[in-house]
Amino acid sequence: SYGKAEISVPRAWVVRRNSNCPDAQAPGTLLLGFPSVSDHCPEISSSASYAVVTSPDRSSSSSQLRVPGHVTVNGVRVNVDSSSPLAGQWDAPSLDVQIEATGPLSTRILRTLRPGR
């Protein structure tokens, strides 16, 4: 869980808080939040799956998706920008989160978004 949101990933995934580097050895990584200073990350395979959940800076125009569509997932309305079948960016204003997912499991992971308990 992160703030008002919950998201599910496979058990084999690594979960890291306040890190911007996916685990290159794991089948996938869930990154919750960003560090105050970004780390230099080792190279990651293009077939790696990872998801990043952050709180957007709503005062910044860069936090807004450029070409959003809208869907409702598990009762949450989200703005969707899917640039490819293997990547997506979702903005869920009601949960105050943005999620980016990359890799073969990206769509499956994004579809698990739900309000926290």
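**Figure 1. Arg 16 forms a salt bridge with Asp 23.** The closest N and O atoms of Arg 16 and Asp 23 are 3.6 Å apart in this predicted model. Arg 16 is partly exposed, with a relative accessible area of 28%. Asp 23 has a second partner in Thr 29: the backbone nitrogen of Asp 23 lies 2.9 Å from a polar atom of the Thr 29 side chain. Side chains of opposite charge can pair when their charged atoms come close.

**Figure 2. Surroundings of Thr 29 in strand 3.** Strand 3 spans residues 28-32 and contains Thr 29. Is Thr 29 buried or exposed? Its relative accessibility is 1%, so Thr 29 counts as buried, the limit being under 20%. Leaving aside residues up to four places away in sequence, Thr 29 touches Trp 13, Val 14, Pro 22 and Asp 23, and also Ser 49, Tyr 50 and Ala 51. The polar atom that lies 2.9 Å from the backbone nitrogen of Asp 23 belongs to the side chain of Thr 29.

**Figure 3. A network of salt bridges links Glu 6, Arg 114 and Arg 117.** Glu 6 meets Arg 114 side chain to side chain at 3.4 Å, N to O. This pair joins distant parts of the chain, with Glu 6 in strand 1 (residues 5-6) and Arg 114 in strand 9 (residues 114-115), 108 residues apart. Glu 6 also meets Arg 117 in a salt bridge, at 3.5 Å, N to O. Here the separation is 111 residues, and Arg 117 sits in the segment after strand 9. How accessible is each member of the network? Glu 6 counts as buried at 13% relative accessibility. Arg 114, at 24%, counts as partly exposed. Arg 117 is exposed, with a relative accessible area of 89%. The count of salt bridges in the protein comes to 3.

**Figure 4. The largest nonpolar core has 21 residues.** Which of them touch the most other members? They are Val 53, Val 78, Val 97 and Leu 113. Several elements give two or more residues to this core: strand 3, strand 4 (49-54), strand 6 (76-84), strand 7 (87-92), strand 8 (97-102) and helix 1 (106-110).

**Figure 5. Contacts of the core residue Leu 113.** Residues up to four places away in sequence are not counted here. From the early part of the sequence, Leu 113 touches Ala 5, Glu 6 and Ile 7. Its other contacts are Val 73, Asn 74, Val 76, Val 78, Trp 90, Ala 92, Leu 95 and Ile 99. Among these, Val 78 is one of the four core residues named in Figure 4. Glu 6, a contact of Leu 113, belongs to the salt-bridge network as well.

**Figure 6. Ser 106 in helix 1.** Ser 106 is buried, with a relative accessible area of 2%. Ser 106 and Ala 51 are 55 residues apart in sequence, yet their C-alpha atoms are 7.3 Å apart in space. Ala 51 is also one of the residues that Thr 29 touches.

**Figure 7. Overview of the protein with 1 helix and 9 strands.** From the N terminus on, the elements run β-β-β-β-β-β-β-β-α-β. Buried residues make up 38% of the 117 residues. Of the contacts with a separation of 6 or more, 41% are between residues 24 or more positions apart. The accessible surface comes to about 6,800 Å², and 49% of this belongs to carbon and sulfur atoms.

Terms used
Residues numbered from 1 in each chain as written. Predicted model: local features only at pLDDT ≥ 70, side-chain atom pairs only at ≥ 80, totals over all residues. Heavy atoms only, no water. Helix = DSSP H or I, 4+ residues; strand = E, 2+ residues; numbered from the N terminus. Buried < 20%, exposed > 50% of the residue type's maximum accessible area, 1.4 Å probe, protein only. Polar contact = N/O pair within 3.5 Å; in protein donor to acceptor, adjacent residues only side chain to side chain. Contact = heavy atoms within 4.5 Å. Core = buried A, V, L, I, M, F, W, Y, C linked by side-chain atoms within 4.5 Å. Areas by Shrake-Rupley, 256 points an atom, 1.4 Å probe, with all protein chains shown as cover. Salt bridge = Lys/Arg side-chain N within 4 Å of Asp/Glu carboxyl O.
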